[in-house]
Amino acid sequence: MIDPETALHARLAALDIEDAAGQQGLKTVALDQQAVGRLSRMDALQNQAMAQATARRRGAERQRIIAALARVAADEYGYCVTCGDAVAPARLATDPAIALCAACMRGE
């Protein structure tokens, strides 16, 4: 089984690669109607909006990973940040950045 800290760092590296690959979609869409037709421009704007949403999701995931690494450093990793109970190992194996136990996730 892979060490959680290693898995978290690997996911951060993967996010960096995804960020670099997604930079093209974040570029400003040209207003030149001669170079780009109206429908093509609308498609480009939609693609840009999707790229921005994806970048926001990656940013949120990056923050969750950084918080998990802070919990590892503080020797609090694997415990729910709300109630303090242990988080099931299967949940941590699925998502090493998870911060809540199943009960707190459900709002119990």
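Visitor: How much area does the protein chain expose, and what share of it do carbon and sulfur atoms supply?

Guide: The protein chain exposes about 7300 Å², of which carbon and sulfur atoms supply 58%; accessible areas come from the Shrake-Rupley method with a 1.4 Å probe, and for residues only the protein chains shown count as cover. This is a predicted model, in which local features need pLDDT of at least 70 and side-chain atom pairs count only at pLDDT 80 or more, while totals for chains, interfaces and linings use all residues. Residues are numbered from 1 along each chain as its sequence is written, and side-chain values use heavy atoms, with hydrogens and water left out.

Visitor: What makes up the protein chain, in helices and strands?

Guide: The protein chain has four helices and zero strands, where helices (H or I, at least four residues) and strands (E, at least two) are DSSP runs numbered from the N terminus.

Visitor: Why is the link between Arg 11 and Glu 18 called a salt bridge?

Guide: A salt bridge is a side-chain nitrogen of Lys or Arg within 4 Å of a carboxyl oxygen of Asp or Glu. In the pair Arg 11 and Glu 18 the N to O distance is 3.1 Å, and therefore the two side chains meet in a salt bridge. Side chains of opposite charge can pair when their charged atoms come close.

Visitor: Why is Arg 11 called partly exposed?

Guide: Buried means under 20% relative accessible area, exposed means over 50%, and partly exposed lies in between (1.4 Å probe, protein chains only). Arg 11 has a relative accessible area of 28%, so Arg 11 is partly exposed; Glu 18, at 32%, also counts as partly exposed.

Visitor: How do you know that Asp 19 and Arg 62 meet in a salt bridge, and which parts of the chain does the pair link?

Guide: The N to O distance between the side chains of Asp 19 and Arg 62 is 2.9 Å, so the pair meets the definition of a salt bridge. The pair links distant parts of the chain, with Asp 19 in helix H1 (residues 4-22) and Arg 62 in helix H2 (residues 38-73), 43 residues apart. Both Asp 19 and Arg 62 are buried, and they belong to a network of salt bridges that also includes Asp 16 and Arg 58.

Visitor: Is Asp 95 buried or partly exposed, and why?

Guide: The relative accessibility of Asp 95 is 21%, so Asp 95 counts as partly exposed. Its side chain meets that of Arg 64 in a salt bridge (2.7 Å, N to O).
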